[in-house]
Each structure stands twice: as structure tokens, then as C-alpha cells.
Amino acid sequence: MRLSGFPPLKVITEAVNIITSRQKLEQFIAIPLYSNAFYLMLNTGVVAFLGFFFWMIVARFYTEAEVGLGSAIISAMNLVTLISLAGLNISLVRFLPHSDKPQELINSCYTLGGLISLVIAGISVAGLSFWSPALAFVKQNAIFASAFIVFTLLWTLSRLVNHTFIARRRANFMLYRGIIFSVLRLPLPILFVPFFHAFGIVASWGIAAAVALAVSIFMFLPKVQDSYRPVPTLKLNLLRDMWRYSGGNYLASLFMGSPAFVLPLMVVNLLGAEQNAYFYIGWMMAALLFAIPLAVSQSLFAEGSHFEDKLKGNVTRSLKFTYLLLVPAAIVLILAGKWVLLAFGYSYSLNALHLLWVLSLSSLPLALTHIYTGILRVMGRTKELMAIWGFIALSVFLASYLIMPVTGIIGIGYAWLGAQTVVAIYILARRLSV
């Protein structure tokens, strides 16, 4: 079964009809595929919107070098989190809807993910001098080193909780958690700057994450999973049954998520902390666009896990929904990017604008990749999934490493756009085979 293209004019007409009709709009939002994707995108939008204020506060109270170091540490913790998830987040979405023992499955995933996180975070801190010399100061301070490990554990659990909400098609609770996290971290950088300098940014992020996680586990999860109680559990038989599926998706998830976290570490070590500040802010803004197809892909995956027989129709809807939102959003960001970056300071607008333009363009081919990712996950085609994201990650890392010393951070944008374009051509050649 293959999916052909869709006429843009028809999509626009359908969108206008939906927006101008309250009844059609209510029917539209009532469709789980759209409502789940809507809350996922709204979560990203709200977190990013409040994140702008967070980073603007940080840019006003911290030097550019401190912003670069603080964002690099957060990227490092996110990278360790990505490794620690071990594919458990994807398995929750795929297997929780049909599990006979959902509480044991959830708690087993949380327990195993937490243990892996503690081990890998500890090893990462010990080896900072080797894999990120610019951040070696973290392991030389017992408070910083301990905070790195604890905050990484908390973020790993937060990611697993989010995917539990997605699996249950209750992404609205993911939005609530995101709001709590984003609001709480706003005033903290000002309080911590006299004591921790660059690590004050990290402490603000970690403390807010801890409070949001506690609220999610003790208040939100019981509403999503009946009578849920957080009890350390390790049912290896449940986890073993998922591993064949999780293993391939784990590698694919590593490839998929690693550029956002590895590239800042490459920049801070090759170009310095100030250039990483410019890169991080530019990437963060472009990530608003990336979040649109990612949210739709996650919702498509969740829907496909519940109703695989409806996959073809949901893919068509996902494509329409994605580009209907993405194209105007990309145009707005390209046109308004200069003034948005000025909110962080003139130097950010001067150094990050061209990168933002290139990354914004890359969101268009990236959308195809994300939708195709949802298809492959539902159908269990993990080898192809690994090959696609492995090509993207490795080619971007290699190209960036080679050209960044010559071109600066804009070289990363060209590498990212090129890799996404190649994969989009491959997907179009296959016509989104289902």
C-alpha cells in the first residue's frame, strides 16, 4: 500500500472550513490523532515560549561564556538521559496500550531507566576530561558532580513519564508538567548567579524538573493509570519480552536525539563557549519548527499502536496537518528571526541569524522524515529506521567536525539541511511506503 501526494489547495480549503466552523473544529479536536498531537505541540510551544524568557533572563545576568557552558552542561545531561532511556520510552508507547499488567510495566521501566541513568551519569562525570574537556570543572566540584548525576536521573524519569502520557493518549498532562517546569525555572537563575555562575543555569533547570516530576508522579499519573502507585519494580520477564523491539528503536532514538545534544558539545570544545551560546539559541528557536512534525509523528505512533489497521488514513491526515502548520510557521520565523534574536542581545542576532534561516528551511524535509519514522515504528521496521537516522546523525557529525573550524556554526546548519534533504528524497522515492 503506497500513499500518493496531496493537493495543497485542497488542504488549505479544508483547513479554512475547519477553522470557520465551530462544529467541525470540535470534531477535528475530538480525533485522538489530532488532539494528542495538538497537546504535544502546545507543550513544546509553551515550554519554548517560557524558555525564551528563561534564556533572556540568563542572557541578561550571565556572560556569553557562562551561557555557553551552562547550555553545554544541560546538553550533556540530556545526552546521558537519551542513552539511559534504553528504548524504554518507545516501548511504553508500543506495549502499554495492550499490557495485562500496566502498573508493573510502568514501574519496571521507571526502575530500570533510573538505575541505568545513575550508572551512566556517574561514568560520564568521571570521564568528562576525556569526552568534553571544556566541562571538566564539573567533576572537580563535589556539588556540581552530584547535581549532574541527580538531575540526569530526574530528567530520565521525566522523559519516561511523558511517554506514559503519550501511550495513554493523554498528552494534556504532558503539557501541564511542561508548564510547571517552565514557570518554576524562570526566577531561579537570578537567585543562583552569585553562587554558582554557569552552573546556576543548570541548577535552575534541575530544581524545576524535580518539582514538575514529583507533581506528575503523585498527581497526574494516577489519573492516567487507575490506582497507580510509584513502587520500585523490576519484572524482567516483562522487559525481556519488549527488548527485541526496544533494541532497534533504542539505537534509532540515539541517532535521532543525539544531534541536539552532541552538537553543542562539539561547538563548545571546537569553537568555544561564546559560539556555543549563539548556536544553542539558534537551534532552540528552530526546534520550535522541528517540534511540529515530531509531535505529529509521536501521535501517529501512539494511534498506530492502538489501531494499526487505520495507519494509512492516519498517515495522510498527519501529512496534511504537519505541513498546514509548518509552512506558515517557518515563513514567520525566517522573517521575524532577526527581531526575536535581538531580544537576547545584538550579538545573538548578529551571529545566529543565518544559522536560524538554514535550520528553518531544514524543517520542511525533516517533516517527511518524522512522519516516516512513525510509520516504521508502527510496522516494526527498525532496521530501516536505524539506517535513516544513523545516516543523518553520523553524516551531520562528520561534516560539522570537518567544516565547522572553517565556516563556524553556520556549517552545522548546512550539514543538517543537506542530510535531511537526502533522506527526504529517499522517502519520496519510496512514496511513504506503508
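Q: Which residues in α9 do Trp-155, Ser-158, Asn-162, Phe-165 and Ile-166 in α8 meet?
A: The model is predicted. In it, helix α8 covers residues 142–167 and helix α9 covers residues 171–184. The five residues named from α8 meet Ala-171, Phe-173, Met-174, Arg-177 and Phe-181.

Q: How many nonpolar, polar and charged residues does the contact of α8 with α9 have?
A: Phe-165 and Ile-166 are among the α8 residues in this contact, and Arg-177 is among those from α9. Sorted by class, the contact of α8 with α9 has seven nonpolar, two polar and one charged.

Q: Is α8 roughly parallel or roughly antiparallel to α9?
A: Two packed helices are described by the angle between their axes and the distance between the axes. For α8 and α9 the axes are 7 Å apart and the angle is about 150°. Angles over 145 degrees count as roughly antiparallel. Therefore α8 is, relative to α9, roughly antiparallel.

Q: Which residues does Leu-153 touch, not counting residues up to four places away in sequence?
A: Leu-153 is a residue of helix α8. Its C-alpha atom is separated by 7.4 Å from that of Thr-81, although the two are 72 residues apart along the chain. With residues up to four places away in sequence not counted, Leu-153 touches Gly-114, Ser-117 and Leu-118.

Q: On which residue is the kink in α11 centred?
A: Helix α11 runs over residues 198–224 and reaches 37 Å from its first C-alpha to its last, close to the 39 Å expected. It nevertheless has a kink of about 40°. The residue on which this kink is centred is Ser-216.

Q: How many of the 27 residues of α11 are buried?
A: A residue is buried when its relative accessible area is under 20%. Helix α11 is mostly covered, and its buried residues number 19 of 27.

Q: Is Ala-86 buried or exposed?
A: Ala-86 lies in the loop between α4 (64–84) and α5 (88–95). Its phi is near 55°, a positive value in a residue other than glycine. Because its relative accessibility is 11%, Ala-86 counts as buried.

Q: Is Ser-227 buried or exposed?
A: Ser-227 lies in the loop between α11 and α12 (236–270). Its phi, near 60°, is positive in a residue other than glycine. The cut-off for exposed is over 50% relative accessible area. At 61% relative accessibility, Ser-227 therefore counts as exposed.

Q: Which residues does His-370 touch, not counting residues up to four places away in sequence?
A: His-370 has its place in helix α15 (residues 346–379). At 6% relative accessibility, His-370 counts as buried. Apart from residues up to four places away in sequence, those it touches are Met-256, Phe-290, Pro-293, Leu-294, Ser-297 and Trp-389.

Q: How far apart in space are Gln-420 and Ala-367, C-alpha to C-alpha?
A: Gln-420 is found in helix α17 (residues 410–430), and with 0% relative accessibility it counts as buried. Leaving aside neighbours within four places in sequence, its contacts include Leu-366, Thr-369 and Trp-389. Gln-420 and Ala-367 are 53 residues apart in sequence, and their C-alpha distance is 9.2 Å.

Q: Among contacts in the protein between residues at least 6 apart in sequence, what percentage join residues at least 24 apart?
A: The protein has 17 helices and zero strands. Of its 434 residues, 58% are buried. Among contacts between residues at least 6 apart in sequence, the portion joining residues at least 24 apart is 83%.

Conventions: Residues are numbered from 1 along each chain as its sequence is written. This is a predicted model: local features need pLDDT of at least 70, side-chain atom pairs count only at pLDDT 80 or more; totals for chains, interfaces and linings use all residues. Side-chain values use heavy atoms; hydrogens and water are left out. Axes are lines fitted to C-alpha atoms, for helices over the stretch in contact, and angles run from 0 to 180 degrees between N-to-C directions. Helices (H or I, at least four residues) and strands (E, at least two) are DSSP runs, numbered from the N terminus. Angles under 35 degrees count as roughly parallel, over 145 as roughly antiparallel, 65 to 115 as roughly perpendicular and the rest as oblique. Contact means heavy atoms within 4.5 Å. Ala, Val, Leu, Ile, Met, Phe, Trp, Tyr, Cys and Pro count as nonpolar, Asp, Glu, Lys and Arg as charged, and the others, Gly among them, as polar. The expected span of a helix is 1.5 Å times one less than its number of residues. The bend at a residue is the angle between axes fitted to the seven residues ending there and the seven starting there. Buried means under 20% relative accessible area, exposed over 50%, partly exposed in between (1.4 Å probe, protein chains only).
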